[in-house]
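Biologist: Please take a close look at one part of this model, the metal site. Walk me through how it is built, and then through what lies around it.

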Amino acid sequence: MADLYDQATEHEERFRAQALAAQARRTLRGVSATHCVRDDCGAEIPEARRRALPGVELCIDCAMRDEKERSGR
Ligand SMILES: [Zn+2]
């Protein structure tokens with residue numbers, strides 16, 4: 001159990017660091033995607049969301065799905 005937990009935590013930390021780094025790069029440029037970058041989605045991202053989250057690249061649905069998948073593991 002301890003090993004599993006350590007692995008999950010390590011993975012989570014690496015994932016978060018990567019996500020933060022990517023987010024920081026995008027925020028520096030101030031570029032938000034106008035449409036969801038998920039290949040299987042492509043939904044338009046509302047302007048309010050793009051302004052609230054500079055550099056955002058997922059629509060609300062995909063962002064919520066990501067959250068769920070991450071917290072579920
Ligand atoms: Zn999407």
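Modeller: Four donor atoms surround the zinc ion, and the angles between them run from 102 to 118 degrees. The arrangement is tetrahedral because all angles fall between 85 and 135 degrees. Keep in mind that this is a predicted model.

The protein donors are the SG atoms of Cys36, Cys41, Cys59 and Cys62. They lie 2.3 Å from the zinc ion. Along the chain, the donors follow the spacing C-x4-C-x17-C-x2-C. Cys36 sits in the loop between α1 and α2, and Cys59 in the loop between α2 and α3 (60-72), so this pair ties together parts that are 23 residues apart in sequence. Are Cys36 and Cys59 buried or exposed? Both are buried.

Now the frame that holds these loops. The protein has three helices and zero strands. From the N terminus on, the order is α-α-α. Buried residues account for 18% of the 73 residues. Take the contacts between residues at least 6 apart in sequence: 28% of them join residues at least 24 apart. The accessible surface of the protein is about 5900 Å², and carbon and sulfur atoms own 55% of that.

Back to the loop of Cys36. Ser32 is found in the loop between α1 (2-29) and α2 (47-52). Its relative accessible area is 18%, so Ser32 counts as buried, the limit being under 20%. What does the side chain of Ser32 reach? One partner is the backbone oxygen of Arg50, at 3.4 Å. Another is the backbone nitrogen of Gly55, which lies 2.8 Å from a polar atom of the Ser32 side chain. Set aside neighbours within four places in sequence, and Ser32 is in contact with Arg50, Leu53, Pro54, Gly55 and Val56.

Thr34 belongs to the loop between α1 and α2 as well. With a relative accessible area of 43%, Thr34 is partly exposed. Its side chain makes a polar contact of 3.0 Å with the side chain of His35. Beyond neighbours within four places in sequence, Thr34 is in contact with Ala43, Glu44, Ile45 and Arg50. Arg50 is therefore on the contact lists of both Ser32 and Thr34, where contact means heavy atoms within 4.5 Å. As for Arg49, its C-alpha atom is 9.9 Å from that of Thr34, and the two residues are 15 apart along the chain.

Next, the charged side chains. Side chains of opposite charge can pair when their charged atoms come close. How many salt bridges are there? The count comes to five.

Start with helix α1. Arg16 forms a salt bridge with Glu12, and their closest N and O atoms are 2.7 Å apart. Both residues lie in α1, four residues apart, which is about one turn of the helix. Arg16 has 46% relative accessibility and counts as partly exposed. Glu12, at 26%, is also partly exposed.

Helix α2 has a pair too. The side chains of Arg51 and Glu47 meet in a salt bridge of 2.6 Å, N to O. Because they are four residues apart in α2, about one helical turn separates them. Arg51 is exposed, at 65% relative accessibility. Glu47 is partly exposed, at 43%.

In helix α3, Arg70 and Asp66 meet in a salt bridge of 3.7 Å, N to O. That falls within the 4 Å cut-off, so the pair counts. Arg70 and Asp66 are four residues apart in α3, so about one helical turn lies between them. Is Asp66 buried or exposed? Asp66 is buried, with a relative accessible area of 14%. Its partner Arg70 is partly exposed, at 34%. This pair also belongs to something wider: Arg38, Asp66 and Arg70 are linked in a network of salt bridges.

To sum up the site: four cysteine SG atoms are the protein donors of the zinc ion, and their arrangement is tetrahedral. Cys36 and Cys59, both buried, come from the loops on either side of α2. In the loop between α1 and α2, the side chain of Ser32 reaches the backbone of Arg50, while the side chain of Thr34 joins that of His35 in a polar contact.

Methods:
Residues numbered from 1 in each chain as written. Predicted model: local features only at pLDDT ≥ 70, side-chain atom pairs only at ≥ 80, totals over all residues. Heavy atoms only, no water. Helix = DSSP H or I, 4+ residues; strand = E, 2+ residues; numbered from the N terminus. Buried < 20%, exposed > 50% of the residue type's maximum accessible area, 1.4 Å probe, protein only. Polar contact = N/O pair within 3.5 Å; in protein donor to acceptor, adjacent residues only side chain to side chain. Donors = N, O, S within 2.8 Å, 3.2 Å for Na, K, Ca; no water. Tetrahedral: all angles 85-135°; square planar, octahedral: opposite > 155°, others 65-115°. Areas by Shrake-Rupley, 256 points an atom, 1.4 Å probe, with all protein chains shown as cover.
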